[in-house]
Amino acid sequence: MPVLDALDGAALARVVASYRDALRAHQEELNRLNVYPVPDGDTGTNMALTIESVCAELGDASRMDDVCRAVSHGSLMGARGNSGVILSQILRGLADTFRSIELIAVDDLVAALRRASDAAYQAVMRPVEGTILTAVRAAAEAAESARAAGESSLDALLDGVQRAAIDAVDRSPELLPVLKEAGVVDAGGRGFTLLVDAFLHVVDGRPLPEPEVVPISAAVAAHQRGESNTGLRYEVMFLLDADDATIPAFKEAWDSIGDSIVVVGGDGVWNCHVHTNDI
């Protein structure tokens with residue numbers, strides 16, 4: 001197939017569908033890697049369900065604005081778990097950048113990755129490095145550096161982005177001791193790298209990566225047997241109708257009852273996530 005130098009709405013829709021296929025294929029691998037923030041072995045499932053919601057809303061849309069609207073709304077309404085809520089913010093950052101243009105070229109992708117990274121960090125009450133946040137930030141920085149160096153090819157830019165994201169995931173145990181102790185890399189970050197793979201699959205036709213055989217970690221196995229002692233018993237999620245100006249105070253109030261606080265959305269609709277004992 002010819003290498004694309006830009007992506008139209010239909011091509012972006014194929015990226016979304018390819019990402020869904022990749023997450024489905026790697027779902028169990030990601031689940032087995034999932035030891036942070038809670039070793040409940042569901043990161044792959046939650047990321048896959050989040051993108052399934054996007055695809056359900058996407059339908060056969062092919063106009064850029066329609067595709068971006070489906071990505072933004074579908075990911076917000078269908079986000080699942082800590083990883084899915086952060087992923088929804090990454091996807092919304094991309095969609096918000098792309099929706100006003102007809103063709104996605106190098107400069108647009110660079111701007112979109114920066115917007116996605118900033119949005120993801122802003123959504124998390126206490127950002128932690130060594131997670132999906134680090135991977136998407138590394139991707140954005142690599143894109144900006146390549147563009148500043150004169151890169152004008154979409155596939156070459158994505159190659160650099162892919163290397164940076166994978167490297168960030170490979171280094172995640174050095175940034176997050178719980179990963180090093182378990183002998184795994186970050187599951188959410190690994191899931192994000194598959195999004196870059198999906199872009200490359202559409203841009204130059206390279207195959208999506210095969211899932212790796214990952215042994216289940218002791219922490220995940222203990223949690224599945226009901227033997228884990230993480231301290232916080234419940235994962236609480238809901239959709240909230242609230243004025244945007246009230247959200248900072250809402251996050252501060254939640255800060256006293258739990259952690260892994262992620263609140264994403266806007267224009268009066270918010271997807272809220274917290275781990276807590278006070279259900």
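Two strands are taken as paired if DSSP finds at least two bridges between them. In this predicted model, strand 2 and strand 3 (residues 269-276) are joined by 7 bridges and run antiparallel. Within this pair, Val262 is found opposite His273 of strand 3.

The sheet to which these strands belong is open and consists of 3 strands in the order 1-3-2, with antiparallel pairing. Strand 1 (234-241) and strand 2 (258-266) each have a single partner strand and therefore stand at the edges, so that one side of each is left without a neighbour in the sheet. From one strand to the next, the twist averages 10°. Helix 3 (residues 64-78) packs on the sheet, where this helix touches strand 1, strand 2 and strand 3, and its direction makes about 35° with that of strand 3.

In soluble globular proteins, nonpolar side chains tend to be buried together. In the present model, the largest nonpolar core comprises 74 residues, of which Leu12, Tyr19, Phe98, Leu109, Phe192 and Phe199 touch the most other members. When residues up to four places away in sequence are not counted, the contacts of Phe192 are Tyr19, Met47, Ile90, Ile132, Ala135, Val136, Ala139 and Ala165. A second core, separate from the largest one, has 11 residues, including Trp254, Ile261, Val263 and Val274.

Charged side chains form 20 salt bridges in the model. One of these links Arg32 with Glu28, whose closest N and O atoms are 3.2 Å apart; both residues lie in helix 1 (residues 9-33), where a separation of 4 residues corresponds to about one turn of the helix. Because partly exposed residues are those between the limits of 20% and 50% relative accessible area, Arg32 falls in this class at 28%, as does Glu28 at 46%.

A further salt bridge is formed by the side chains of Arg137 and Glu129, with an N to O distance of 3.0 Å. Arg137 is partly exposed, its relative accessible area being 26%, and Glu129 is likewise partly exposed, at 29% relative accessibility. The side chains of Arg99 and Asp96 also meet in a salt bridge, at 3.5 Å from N to O; Arg99 is partly exposed at 28% relative accessibility, and Asp96 is partly exposed with a relative accessible area of 27%. Arg99 and Asp96 belong to a network of salt bridges that also links Arg63, Asp65, Asp66 and Arg69.

Conventions:
Residues numbered from 1 in each chain as written. Predicted model: local features only at pLDDT ≥ 70, side-chain atom pairs only at ≥ 80, totals over all residues. Heavy atoms only, no water. Helix = DSSP H or I, 4+ residues; strand = E, 2+ residues; numbered from the N terminus. Axes fitted to C-alpha atoms, helices over the stretch in contact; angles between N-to-C directions. Contact = heavy atoms within 4.5 Å. Core = buried A, V, L, I, M, F, W, Y, C linked by side-chain atoms within 4.5 Å. Buried < 20%, exposed > 50% of the residue type's maximum accessible area, 1.4 Å probe, protein only. Salt bridge = Lys/Arg side-chain N within 4 Å of Asp/Glu carboxyl O.
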